[in-house]
Amino acid sequence: MTSFLDPLIAFVSAHAWLAYLTLFLAALLEAVPVVGSVIPGSTIILALSALVPGGELKLPWVLLAAALGAMLGDGSAYWIGHRRQREILNAWPLTNYPRVVAESETFFHRFGTWAVFFARFVPPIRAFVPVTAGALGMAPARFYAVNIPAILVWAPAHVLPGVLAVTALHEYAGLHHHGHVGKHIWMLTVVAVAIVGGVAVWIYRRRNGGVAAAKPRG
């Protein structure tokens with residue numbers, strides 16, 4: 001794995017703008033209904049944040065790319081829902097994900113305006129709440145008044161852990177930036193946690209789906 005990561009780090013060092021574009025697209029696509037449920041945007045952002053302490057990427061640009069991508073993604077989803085109203089929730093491709101759509105509606109009704117804030121930190125609902133908010137008639141001013149602060153909290157929450165973790169490994173564990181060991185440890189940890197978390201969610205949803213399907217037959 002390190003033999004793959006070293007060329008990746010070297011490539012990012014030489015083409016930082018592509019890394020910023022990747023961060024922007026990861027945040028944007030993660031906010032798109034359906035697409036956001038399969039794009040590992042948070043994993044990509046968390047992993048690439050490891051490249052800030054060594055200077056391959058600049059922290060202000062990383063935060064800006066992630067925040068702008070999230071704002072454009074959430075805003076686009078909201079306006080699609082706002083223009084088409086509830087019709088969008090009963091149209092393809094959302095009809096292929098009735099459970100997540102139902103969960104996003106329940107989430108929205110439960111927390112009201114704050115659902116837009118909390119959903120930023122709850123995948124995969126994050127990809128469905130903005131369009132649901134628009135479809136259920138949430139006013140634009142109210143949506144953006146909650147969505148923008150949420151993103152301004154969400155971006156640092158996804159970038160700073162990697163920056164701090166890799167910095168701590170260099171400062172307190174004696175690992176050197178030029179060896180990339182700290183970056184390897186953080187990136188591999190992020191990917192491993194994402195895989196384990198994804199499998200756990202898949203098993204949980206599969207079991208709950210099986211129970212829900214079995215109850216009517218009883």
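What pattern does the chain follow, read along the sequence? The answer is α-α-α-α-α-α-α-α-α, and the legends below walk through a few close-ups of this predicted model.

**Figure 1. The whole chain, a fold with nine helices and zero strands.** The chain has 218 residues, and 39% of them count as buried. Keep in mind that what you're looking at is a predicted model.

**Figure 2. Helix 5, with a buried side and an exposed side.** Helix 5 runs over residues 98-111, and at 1.5 Å a residue its 14 residues should span 20 Å. The end C-alpha atoms are indeed 20 Å apart, so the expected span and the model agree. Val100, Val101, Ser104, Glu105, Phe107 and Phe108 are the buried residues here. Because they cover an arc of only 160° around the axis, they sit on the same side of helix 5. That pattern is familiar: an α-helix has 3.6 residues a turn, so residues three or four places apart point the same way. Over on the other side of helix 5, the exposed residues are Pro98, Thr106, His109 and Arg110. Right after the helix comes Gly112, with a positive phi near 65°.

**Figure 3. Tyr78 and its two ring partners, Trp79 and Phe143.** Searching the whole structure turns up ten aromatic pairs. One of them joins Tyr78 and Trp79 edge-to-face, with 5.4 Å from centre to centre and 75° between the planes. Tyr78 also pairs with Phe143, and this one is stacked: the centres are 4.3 Å apart and the planes 10° apart. The stacked pair ties together distant parts of the chain, as Tyr78 belongs to helix 4 (residues 59-84) and Phe143 to helix 8 (residues 140-172), 65 residues apart. How exposed are the three rings? Tyr78 has a relative accessible area of 0%, so it counts as buried. Phe143 is buried too, at 0% relative accessibility. Trp79, at 35% relative accessibility, counts as partly exposed, because that value falls between the 20% and 50% cut-offs.

**Figure 4. A cluster of rings, plus an arginine over a tryptophan.** Which residues do ring pairs link into a cluster? They are Phe107, Phe111, Trp114, Phe117, Phe118 and Phe121. One member, Phe107, also appears among the buried residues of helix 5. Elsewhere in this view, Arg120 lies over the face of Trp154, 4.6 Å from the ring centre.

**Figure 5. The largest pocket, with about 1,100 Å³ of space.** The lining counts 35 residues, and Ser37, Pro123, Pro124, Gly198 and Val201 are the closest to the pocket centre. Helix 3 (41-48), helix 5 and helix 9 (181-217) each bring at least two residues to the lining. Which helix gives the most? That's helix 9, with twelve residues.

**Figure 6. Thr22 and Ala65, a C-alpha pair 43 residues apart along the chain.** Thr22 is found in helix 2 (residues 16-30). With a relative accessible area of 34%, Thr22 is partly exposed. The C-alpha atoms of Thr22 and Ala65 are separated by 8.6 Å in the model.

Technical notes
Residues are numbered from 1 along each chain as its sequence is written. This is a predicted model: local features need pLDDT of at least 70, side-chain atom pairs count only at pLDDT 80 or more; totals for chains, interfaces and linings use all residues. Side-chain values use heavy atoms; hydrogens and water are left out. Helices (H or I, at least four residues) and strands (E, at least two) are DSSP runs, numbered from the N terminus. The expected span of a helix is 1.5 Å times one less than its number of residues. Buried means under 20% relative accessible area, exposed over 50%, partly exposed in between (1.4 Å probe, protein chains only). The arc is that of the directions from the helix axis to the C-beta atoms. Rings of Phe, Tyr and Trp (its six-membered ring) pair if their centres lie within 6.5 Å; planes under 30 degrees apart count as stacked, over 60 as edge-to-face and the rest as tilted. A charge sits over a ring if NZ of Lys or CZ of Arg is within 6 Å of the ring centre and within 35 degrees of the ring normal. On a 1 Å grid over the protein atoms alone, a cavity is a set of points where a 1.4 Å probe fits but cannot get out, and a pocket is an open set with protein on both sides within 12 Å along at least five of seven lines; lining residues have an atom within 4 Å of a point. Grid points are joined across faces, edges and corners, and a volume is the space filled by probe spheres set on the points.
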